[in-house]
Structures are given as structure tokens and as C-alpha cells.
Amino acid sequence: MDPDAIEPPRTSRRVVGARIVLVPYLVLLGFVVFLPAREAGRVTGIVGWLAEALATVGIPREPAAVVLEFLANVVLFTPFGVLLVLAFPGVRWWAVVLAGSLLSVGIELVQLAIPSRVSSVSDVVANTAGTTLGLLLAWSRRRGRG
């Protein structure tokens with residue numbers, strides 16, 4: 001080996017692990033967001049179940065379901081932000097937020113072609129918020145380690 005050659009930087013195990021986990025996460029995300037509504041409801045039926053449970057204690061079901069659906073979208077995209085930061089350590093914050101927003105817009109556009117699915121701007125907002133939350137969680141963990 002040439003002693004003057006510059007060695008490429010080694011990729012840490014955390015980076016490789018995050019890149020590996022990102023793939024099945026995206027596959028699972030695809031199943032959740034592209035399944036017809038009836039099948040997706042079976043997978044993500046917890047929102048309806050929680051709304052019903054809240055209704056039994058006097059919280060109106062429909063408003064509760066709307067809030068829970070929004071929060072579910074935030075939670076669904078939080079790992080995306082975390083994984084992007086961990087998988088690509090040099091990525092800029094705005095690129096992570098933009099990636100979450102563009103992925104969400106793409107999902108909503110595809111859902112327009114699925115008869116039983118409903119596209120909404122609030123989903124894009126929630127998904128982008130989830131990505132941003134994931135970004136902030138990953139950054140806070142990184143800064144906490146010093």
C-alpha cells in the first residue's frame with residue numbers, strides 16, 4: 001500500500017446500523033401508508049381504539065380521533081428523522097426536514113391514486129413535525145454524550 005495514500009474515513013458501526021435499519025423502516029412505512037384503508041386500519045387500529053376509550057370517559061370521539069391521528073403521524077415519522085441523522089452524520093438539519101417533507105408529500109400524492117385513502121395537508125404537517133422531532137432527539141442525544 002502506498003504510504004502517501006489517504007485512507008478513506010471509516011464508517012462507524014452506529015452509522016452502518018442506522019443505514020441498515022433505515023431500509024426495513026421505509027418498507028414498513030410503505031406498508032402502513034399504502035395499504036388500502038380497510039387493511040391499514042387493522043394495522044393501525046390503535047387510533048380508533050384509543051378514541052373509543054377516550055369517548056367512554058366523556059371526550060368526544062371525533063375530535064379525539066383527529067388529534068390521535070395527527071399524533072400517530074408524528075410518531076410514525078420520528079424514527080425517520082432519527083435514522084437520517086444517525087445514518088448520515090454530516091447531513092444538515094434543513095436537509096433532514098426537507099427529506100421528511102418531500103417523502104410525506106410523495107406519500108400523499110400516491111395516496112390520491114388509492115381509492116380508499118385520503119390525502120391531507122395535515123398529514124404532511126404531522127409527518128414533517130415527526131421528522132423534525134426525530135432530528136431533535138438524535139441531536140440532543142449526540143450533544144448529551146459530548
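Q: Which helix provides the largest share of the positive patch in this predicted model?
A: Let's start with the members: Arg14, Arg141, Arg142 and Arg143 gather on the surface as a patch of positive charge. Arg142, for one, is found in helix α6. Three residues of the patch come from a single helix, spanning residues 121-145, and this largest share belongs to helix α6.

Q: Is Arg142 buried, partly exposed or exposed?
A: The relative accessible area of Arg142 is 39%. Buried would need a value under 20% and exposed one over 50%, so Arg142 counts as partly exposed.

Q: Which element gives the most to the nonpolar patch?
A: Val67, Phe70, Leu71, Val121 and Val125 make this surface patch of about 450 Å². Two elements, α4 (61-87) and α6, give two or more residues to the nonpolar patch. Val67 has its place in helix α4. With three residues, the element that gives the most is α4.

Q: Is Leu102 buried or exposed?
A: Leu102 is found in helix α5, which covers residues 93-111. Its relative accessibility is 54%. Exposed means over 50%, so Leu102 counts as exposed.

Q: Which element of the protein has the highest mean pLDDT?
A: For the protein, the mean pLDDT is 88, and 87% of its residues reach 70 or more. Among the elements, helix α2 (residues 37-43) has the lowest mean, 66. At the other end, with a mean of 97, is α5.

Notes: Residues are numbered from 1 along each chain as its sequence is written. This is a predicted model: local features need pLDDT of at least 70, side-chain atom pairs count only at pLDDT 80 or more; totals for chains, interfaces and linings use all residues. Side-chain values use heavy atoms; hydrogens and water are left out. Helices (H or I, at least four residues) and strands (E, at least two) are DSSP runs, numbered from the N terminus. Buried means under 20% relative accessible area, exposed over 50%, partly exposed in between (1.4 Å probe, protein chains only). pLDDT is the predictor's confidence in each residue, from 0 to 100. Patches are made of residues with over 30% relative accessible area and no salt bridge: like charges are joined within 9 Å, nonpolar side chains (Val, Leu, Ile, Met, Phe, Trp, Tyr) within 5 Å. Accessible areas come from the Shrake-Rupley method with a 1.4 Å probe; for residues, only the protein chains shown count as cover. A salt bridge is a side-chain nitrogen of Lys or Arg within 4 Å of a carboxyl oxygen of Asp or Glu. Lys and Arg count as positive and Asp and Glu as negative; His and the chain ends are not counted. The place of a charge is taken as NZ of Lys, CZ of Arg, CG of Asp or CD of Glu.
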